[in-house]
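Me: I would like to go through a protein structure step by step. Can we do it with short questions and answers?

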Amino acid sequence: MWRKAAHGARGLVSEDIERRRFNGGAAHIYECANAFQASLASLETEPMANYRWAVREAADILVRLFHPMMPHLAEECWAALGHKTLVASEPWPRLEADLLVENTITLPVQINGKKRGDVTVARNAANAEIETAVLALDAVKRALDGRPPKKVIVVPQRIVNVVA
């Protein structure tokens, strides 16, 4: 979870900096920091080693992300994390693109052209699996009122239309 959030923020902040949208970059940094804080606050037991490693990686990435906008604070944070070098001499964090791809997607479900709900399925789900999940939704069952649908149209990774 943490690695995805940090690398997602890295991608968004990089785009914002390239386009000179520093306010957007700062907003993405705040979102990442807030998620970081919520994750740490939700811990009830001593975290496992792999969790601690992911949090450390995320903290390092976060500090390098806000360095262009707040260099003095970034250097203080970098030193507090135990680094002996300057953050200014560190390379920009590498993007791990496979962490940016979500395993599930949420598709809107329309019945006779009106949105009635959403369904979350695996990104690589077959159309038959998506259709089964859609027909199991309470909103779809109510709209169909016990009748079978005339047609179910699945636009992969976009939308599902049910014709009643």
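The turns below deal with cysteines and then with strands, in a predicted model.

Me: How many disulfides are there?
Reply: A disulfide needs two cysteine sulfur atoms within 2.5 Å. The sulfur of C32 has its closest cysteine sulfur in C77, 13 Å away, so that is too far for a bond. Seen from C77, the closest cysteine sulfur is in C32, also too far for a bond. The count of disulfides is 0.

Me: Is C32 buried or exposed?
Reply: Buried means under 20% relative accessible area. C32 has a relative accessible area of 5%. So C32 is buried.

Me: Which class does C77 fall in by relative accessibility?
Reply: The class between 20% and 50% is partly exposed. C77 has 27% relative accessibility. So C77 counts as partly exposed.

Me: Why is strand β4 largely enclosed by the rest of the structure?
Reply: Strand β4 covers residues 159-163. It is largely enclosed because, of its 5 residues, the number buried is 4.

Me: Which way do β1 and β4 run, parallel or antiparallel?
Reply: Strand β1 spans residues 104-111. It is joined to β4 by 3 bridges. One bridge pairs I111 with V162 in β4. The two strands run parallel.

Me: Which residue in the turn between β3 and β4 has a positive phi?
Reply: Strand β3 (residues 151-155) and β4 run antiparallel, with 5 bridges. In this pairing, I153 stands opposite N161. The two strands form a hairpin with 3 residues between them. The turn residue with a positive phi, about 60 degrees, is Q157.

Conventions:
Residues are numbered from 1 along each chain as its sequence is written. This is a predicted model: local features need pLDDT of at least 70, side-chain atom pairs count only at pLDDT 80 or more; totals for chains, interfaces and linings use all residues. Side-chain values use heavy atoms; hydrogens and water are left out. Buried means under 20% relative accessible area, exposed over 50%, partly exposed in between (1.4 Å probe, protein chains only). Two strands pair if DSSP finds at least two bridges between them.
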